[in-house]
Every structure is written in C-alpha cells, then in structure tokens.
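Me: I've got a protein model open and a pile of terms I don't quite trust yet. Can we go through how each label is earned?

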Amino acid sequence: MDIPVIDLARYLEISDKLSTDPLQLRCQLGEVGPWLSELCQEVSRILRDTGALVVKDPRCTAEDNDRFIDMMEKYFQKPPEFKKLQERPQLHYQVGVTPEGVEVPRSLVDEDIQEKLKAMPKEFQPLAPKGPDPKWRYMWRVGPRPSNTHFKELNSEPVIPEGFPEWKDTMDSWGVKMISAIEAVAEMAAIGFGLPKEAFTSLMKQGPHLLAPTGSDLCRYGQESTVFAGYHYDLNFLTIHGRSRFPGLNIWLRDGQKVEVKVPLGCLLIQTGKEIEWLTAGDCIAGMHEVVVTKRTIDAIRLASEQNRCLWRVSSTLFAHIASDAVLKPLGHFAESPLATKYPPILAGEFVEQELAVINLKGSNGES
C-alpha cells in the first residue's frame, strides 16, 4: 500500500489569508471552493486512519535533505569517544548525543503493548528487540524557547560538536523548514477536524521542538532483521522525516496492518504522536512504528558498498512538540467525546517527563 502524497503548495498560497475566527473561516472555505475543505478533510482522514502522511513542501527540497544527511553521516562516522563528548544524560538526553544502547524500545517495557503484540496476526507482528536500541541519536533544539518555564531541562541550550563550523546553520535551516511543513499540516488537520485553524499551532509556539537524526552503523549492524528502533509510538505532537538513504521504516495502520514505508524523492513523511492523540481524545491515535534491517535495506547496503558511499543509516527526523507549559487536553468538540476522560488535563512538559522515564531517558540511568 502506498500512502497518498499531499502537495502543500496550493494551501501555502492562501494559508496566510485564512481567518483564525471559526465563523469567518467557514465563509472563506465556501468562497475559496470545495477543494480546500476536501484537502483539509483528506489530511485529517489520512492522519486518523493511517497515523502517517506523505507531503511535498516546495520549501523543503531534496537538496536541503542531502546537505543535512551529508553532515550527519560525517558526524556519526566519528569515533565513539568523540561523540560522547556531546552526551548530556543529566538533561535526559534532550540535547546532544544519545549513544547506542541507551534508549529502550517501548515494546520491551510496556505490558499493554506486549499483550497487543501477542494478539496480532503473525504477518503483522513487529520484530522483537533483544535489548536497548543499537542506534545513536542527536538532539538539537529548533526555534525560540520560553524565557520562563517549569521544565528547564526540556528547554536547554544546544550542544555543538567541535570541527563542524557548518553545524548550527545546517541544523537550524533544515529544522525550521521542517517545522514550517508541520505547521501547515497542523493547520490543515485542525480545519479538517472541525477545529479553529490555529487550534494546534497556537499550542506549538515555543515548544521544545527537536531535530533528532538517528545514526545506525550498517557495517556493524547490517544483518537482516536487526532492530534499530523497536516497535513504539512517538510521545510528541507530530514527527516529520526527510527521506533516508536506506529503507527500513515499518508503520502500523489503525486497522493493525503493517506497511513498509517508501518516501518518494523530495517528499517528507509525517507521523502522529501521543500529544495529538491527547488533543483529539483518541480520534487520531499515535502511530506505531519500527526501524529494522529489511531485504530492501540489504540491497541498499550492497549498492552503497559498490559505490563506496557511507554505510551509516541517517534518519532526518524532527519531533514537533506542544509547548512544555501548555496544557494537554481534548480540544473543542473532542472534549465531548466519550473517550475524553481517558485524556485528563496535564502539562505537556509533565507528560513528556513521564514518557521519557519509561524509555530510560530520564531517571536513575539518565541522571547517573
């Protein structure tokens, strides 16, 4: 199954003219023509049914993605002792590098998920991880941070490795472009869900957005069925990825079907996280996914070896968050949902800290 590609260009041409007032917006939707309502409803439907969306944004080019991946390949190829200079466990690994063998897959520690896995048809079950993920990750804050916050460790200053003069410009440039794509999708989804245009984006302002590329060493861990990121959901609002040079991402649709994702050149993949599930009272649920070495990954490794290219699999990933001091709770008509009581009000930062503790990025190991 191919996930439909949504071209954002037409929406971006008129987005600034759309009102934040729900009544005026309804009039504008009628004036612009049926295509706008249909497009926004399609975005919200795909997010609801699949937990994933492929978009094309003219502001985010394949060249931008390549520039970013080139730099991250250079970084991840550095020796472990160099990379560990950027490690910040006392800040819950929310800035700097997270070494391989630290982050624990949700499916290893969440009993509810384990029970669901047992009930899955064999062909849809994820690969079982044998321990913590054998991937590195780099966390880079993107966008302005609040001057006053109850969650300083979630809004810390970024870490820049020595010997990379292009680092800040490359990270900020790609990160800001991907956030702009998320904001457009968040507006379209809000309209499609019957909420005000800025229902989601107003809560994202000064959020602890993280450009968080992973690096997986395919020389050491390039055997088929190796699990780089065990079956899990993302705890944030929406996650966006540029196209990786090595395949391996599997997602699960809402109906339980497992799908290997293929992102077309020049496109971006967006996935739903736990924060949007909270805001929609479970109407849109956090998408489950894994990153593993598949037959297609093996083919890509073979080709890269023949062409003498880098054998680190870099994910061009950004986690877009709700602001740490904003309250997570079902919005608008979702507050009337019979499921709303499952999503009680909680500060987004408090929710994030609880989730980080479960996957070993906060707590005794993270603070040692």
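Reply: Sure! Strands here are DSSP runs of at least two residues, numbered from the N terminus. Keep in mind that this is a predicted model.

Me: What makes the place of serine 337 a loop between strand 14 and strand 15?

Reply: Strand 14 covers 327-328 and strand 15 covers 346-347, with serine 337 in the loop between them. Strands need at least two residues, so runs like these qualify.

Me: How do you know that the side chain of serine 337 makes a polar contact with leucine 339?

Reply: The side chain of serine 337 reaches the backbone nitrogen of leucine 339 at 3.0 Å. The cut-off is within 3.5 Å, so this pair counts as a polar contact.

Me: Why is strand 8 called mostly covered?

Reply: Buried means under 20% relative accessible area, and five of the five residues in strand 8 (238-242) are buried, so the label fits. Leu238, Ile240 and Gly242 are buried on one side, and Thr239 and His241 on the other.

Me: What makes strand 8 and strand 11 a pair?

Reply: Pairing takes at least two bridges, and these strands have four, so they pair, in the antiparallel sense. One of the bridges joins histidine 241 to leucine 269 in strand 11. Strand 8 also pairs with strand 13 (residues 312-320) in the antiparallel sense, over five bridges. There, isoleucine 240 has leucine 318 as its bridge partner.

Me: Which residues have the most contacts inside the largest nonpolar core?

Reply: Met72 and Phe200, in a core of 82 residues. Helix 8 (residues 167-192) gives the most to this core, with 14 residues.

Technical notes. Residues are numbered from 1 along each chain as its sequence is written. This is a predicted model: local features need pLDDT of at least 70, side-chain atom pairs count only at pLDDT 80 or more; totals for chains, interfaces and linings use all residues. Side-chain values use heavy atoms; hydrogens and water are left out. A polar contact is a pair of N or O atoms within 3.5 Å; within protein, one must be able to donate a hydrogen and the other to accept it, and residues adjacent in sequence count only if both atoms are side-chain atoms. Buried means under 20% relative accessible area, exposed over 50%, partly exposed in between (1.4 Å probe, protein chains only). A nonpolar core is a set of buried Ala, Val, Leu, Ile, Met, Phe, Trp, Tyr and Cys residues joined through side-chain atoms within 4.5 Å.
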